[in-house]
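The following note is written for a colleague beginning to read protein structures. Please keep the structure in view while working through the numbered points.

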Amino acid sequence: MIQVKVINKGHHQLPAYATPQSAGMDLRANIDAPVTLRPMERKLIPTGIYMALPEGYEAQVRPRSGLALKHGITVLNSPGTIDADYRGEVMVLLVNISADDFVVNDGERIAQMIIARHETAVFAEVAELDDTERGAGGYGHTGVE
């Protein structure tokens, strides 16, 4: 378990895990009035949360499966990455991919956030790469069976 410093400028509880084995914490809309998302419209929804992640960690903002299934609401840049050096408000870029308007209400759980460790890579330029069975086979290369 890691400690994440957080400032809550919103009027809702801090993000929390719904169950002991949940990977993600729910993020809630922190808005003064309902926000309507028309079909194919996207909007940034504030959460009121500001945080300082430890170096070597990121926060990933992902869609909530219930909103996606029932209403066609998803996170447009999924997963959205919050870097450890970002200190601004956590915002959620929602998009409505349904045929109906969707109203986001204050306090509504709009996304989930996962805190994950990551590595920093250093590229080593080489003349050739090692051979593998797959080789350069790309999308669909392994077939449908």
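**Notes on selected residues**

1. Met 40 is located in the loop that runs between β3 (35–37) and β4 (42–52). This is a predicted model, and in it the phi angle of Met 40 is near 65°, a positive value in a residue other than glycine. Most residues other than glycine have a negative phi. Is Met 40 buried or exposed? With a relative accessible area of 58%, Met 40 is exposed, because the cut-off for that class is over 50%.

2. A second backbone feature concerns the peptide bond between Ser 78 and Pro 79, which is cis, with omega at about -10°. Most peptide bonds are trans. Pro 79 belongs to the loop between β6 (73–75) and β7 (80–82). Pro 79 is also one of the residues in contact with Gln 60, which is discussed in point 7.

3. How many salt bridges does the model contain? The count comes to four salt bridges. Side chains of opposite charge can pair when their charged atoms come close. One such pair is Arg 64 and Asp 26, whose closest N and O atoms are 3.4 Å apart. This pair links distant parts of the chain: Arg 64 is in the loop between β5 (57–62) and α1 (65–71), whereas Asp 26 is in strand β2 (residues 25–28), and the two are 38 residues apart. Arg 64 and Asp 26 are both buried.

4. Asp 26 has a further partner, since its side chain also meets that of Arg 109 in a salt bridge, at 3.0 Å from N to O. Arg 109 lies in strand β10 (residues 109–117) and Asp 26 in strand β2, so this salt bridge ties together parts that are 83 residues apart in sequence. The accessibility of the two partners can be set side by side. Asp 26 has a relative accessible area of 16% and is therefore buried, the limit being under 20%. Arg 109, at 34%, is partly exposed.

5. Glu 41 and Lys 43 supply another salt bridge, with their side chains meeting at 3.9 Å, N to O. Glu 41 has a relative accessibility of 25% and counts as partly exposed. Lys 43 is likewise partly exposed, with a relative accessible area of 28%. Salt bridges that share partners join Asp 26, Arg 64 and Arg 109 into one network.

6. Glu 89, in strand β8 (residues 89–96), deserves separate attention. Which side chain of opposite charge is nearest to Glu 89? It is that of Lys 9, 8.0 Å away; Glu 89 is buried yet has no salt bridge. The side chain of Glu 89 does have backbone nitrogens beside it: a polar atom of this side chain lies 2.6 Å from the backbone nitrogen of Gly 48, and the backbone nitrogen of Thr 47 lies 3.3 Å from a polar atom of the Glu 89 side chain. Not counting residues up to four places away in sequence, Glu 89 touches Pro 46, Thr 47, Gly 48, Ile 49 and Tyr 50. Tyr 50 in turn has Lys 9 over the face of its ring, at 4.6 Å from the ring centre. As for pairs between aromatic rings, the count comes to zero.

7. Gln 60 is placed in strand β5. Its relative accessible area is 12%, so Gln 60 is buried. The side chain of Gln 60 makes a polar contact with the side chain of Glu 58, at 2.9 Å. With neighbours within four places in sequence left aside, the residues in contact with Gln 60 are Pro 79, Gly 80, Gln 112, Met 113, Ile 114 and Ala 116.

8. Leu 37 is in strand β3. Is Leu 37 buried or exposed? Leu 37 is buried, with a relative accessible area of 0%. Beyond its neighbours within four places in sequence, Leu 37 is in contact with several residues, including Arg 42, Lys 43, Ile 73, Leu 94 and Phe 102. Leu 37 and Gly 24 are 13 residues apart in sequence, and their C-alpha atoms are 24 Å apart in space.

Note on methods. Residues numbered from 1 in each chain as written. Predicted model: local features only at pLDDT ≥ 70, side-chain atom pairs only at ≥ 80, totals over all residues. Heavy atoms only, no water. Phe/Tyr/Trp six-rings, centres within 6.5 Å; stacked < 30°, edge-to-face > 60°. Lys NZ or Arg CZ within 6 Å of the ring centre and 35° of its normal. Helix = DSSP H or I, 4+ residues; strand = E, 2+ residues; numbered from the N terminus. Buried < 20%, exposed > 50% of the residue type's maximum accessible area, 1.4 Å probe, protein only. Lys, Arg positive; Asp, Glu negative; His and termini not counted. Polar contact = N/O pair within 3.5 Å; in protein donor to acceptor, adjacent residues only side chain to side chain. Contact = heavy atoms within 4.5 Å.
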